[in-house]
Amino acid sequence: MIQSQEDGSDRVRMIEGVARDMLGHGVAVAARDPRADQPGLMPAEADAVASAVASRQREFACGRAAARGALAQIGIHGQPVPCGADRAPIWPDGAVGSITHTDTLCLAAAGASGSFQSIGLDLERASPLPGDLWDSVLTGPERARLDRLPATERGRTAKLIFAAKECAFKCQYPLTGALFGFDALEISLDPGRKLFHATAPEAGGGSAPDDRMTGRYVTFMGHVLATMVLRR
């Protein structure tokens, strides 16, 4: 079924509103639909996907368009968001942010670096995490908690834990430069308040965030969204 432009716009507005509520005051949010026409990449951005397949180029361009949309809301206009050698976005001076996307939605958030240390986002399809990935994504305690859930809930809860880990990693990385696997980050969920707590390893780089970082999550429109903000 072909989605109308109006339907796509409605989805974009919905995710922007949900993400804005989750991230809180001072964080700008912009979303785009990667299936729609996108503005061209700026020269500093284009090198990162020069040899990528068309679908990757389209999603990358969509994410960068969303990033520039979020930056414009905090007064930063016309600045590129290139990739560093580590493939992480390089935000303009005065800003921090995060970008995430699926094949049907791209989302970016940005905030002034004087008010925020870092922002993390992760958007995933709300389908169950494949069972063959559980051992590489889940720690022993996470797997034990998962096993206590009804069988019908386990796969989607595993996907939520995956999204929370991606979000927390993105949030801590600009501050620490710490690279670590899924097994080094412990997630505990608070379903009643739609919160997750991420216990990070000892950081090896710059200023470490709190050992226990708190984020928010929601499932909507067939997606799981995890967000985290570290304010100053």
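This is a walk through a predicted model, from its helices and largest pocket to a few individual residues.

Let's begin with two helices. Helix H3 covers residues 54–73, which makes 20 residues, and its first and last C-alpha atoms are 29 Å apart, close to the 28 Å expected at 1.5 Å a residue. Just beyond H3 you will find Gly75, with a positive phi of about 90°. Helix H6 runs over residues 151–176 and has 26 residues. From its first C-alpha to its last, H6 reaches 37 Å, close to an expected 38 Å. Here too a glycine comes afterwards: Gly177 follows H6, and its phi is positive, near 70°.

Both helices come back when we turn to open space in the model. The largest pocket holds about 890 Å³. Its lining is made up of 37 residues, and those closest to the pocket centre are Arg87, Ala88, Pro89, Lys170 and Tyr173. Which elements give two or more residues to this lining? They are H3, E2, strand E4 (116–125) and H6.

Next, the cysteines. How many disulfides does the structure hold? The count is zero. A disulfide needs its two sulfur atoms within 2.5 Å. For Cys167, the closest cysteine sulfur is in Cys171, 6.4 Å away, and that is too far for a bond. Seen from the other side, Cys171 is in no disulfide either, with the sulfur of Cys167 as its nearest cysteine sulfur. Are these two residues buried or exposed? Cys167 is buried, at 0% relative accessibility, and Cys171 is buried as well, with a relative accessible area of 0%.

Thr104 makes a good next stop. You can find this residue in the loop between strand E2 (95–101) and strand E3 (106–112). Although Thr104 sits in a loop, it is buried, with a relative accessible area of 8%. The Thr104 side chain makes a polar contact, at 3.5 Å, with the side chain of His223. Setting aside neighbours within four places in sequence, Thr104 is in contact with Arg11, Asp33, Pro34, Arg35, Arg125 and His223.

Asp33 turns up again when we look at Val12, a residue of helix H1 (residues 5–23). Val12 is in contact with Ala31, Arg32 and Asp33, once neighbours within four places in sequence are left aside. Val12 is buried, with a relative accessible area of 13%. How far is Val12 from Tyr173? Their C-alpha atoms are separated by 27 Å, and the two residues lie 161 residues apart along the chain. Tyr173, you may recall, is among the residues closest to the centre of the largest pocket.

Finally, here are two backbone details worth a look if you are checking torsions. Lys194 has a phi near 55°, a positive value in a residue other than glycine. Lys194 is placed in the loop between strand E5 (186–190) and strand E6 (195–199), and it is partly exposed, with a relative accessible area of 43%. Met221 is also not a glycine, yet its phi is positive, at about 50°. The loop that holds Met221 joins strand E7 (212–220) and strand E8 (223–231). At 26% relative accessibility, Met221 counts as partly exposed.

Technical notes. Residues numbered from 1 in each chain as written. Predicted model: local features only at pLDDT ≥ 70, side-chain atom pairs only at ≥ 80, totals over all residues. Heavy atoms only, no water. Buried < 20%, exposed > 50% of the residue type's maximum accessible area, 1.4 Å probe, protein only. Helix = DSSP H or I, 4+ residues; strand = E, 2+ residues; numbered from the N terminus. Polar contact = N/O pair within 3.5 Å; in protein donor to acceptor, adjacent residues only side chain to side chain. Contact = heavy atoms within 4.5 Å. Expected span 1.5 Å × (residues − 1). 1 Å grid on protein atoms, 1.4 Å probe; cavity = no way out; pocket = protein on both sides within 12 Å on 5 of 7 lines; lining within 4 Å. Points joined across faces, edges and corners; volume = space filled by probe spheres on them.
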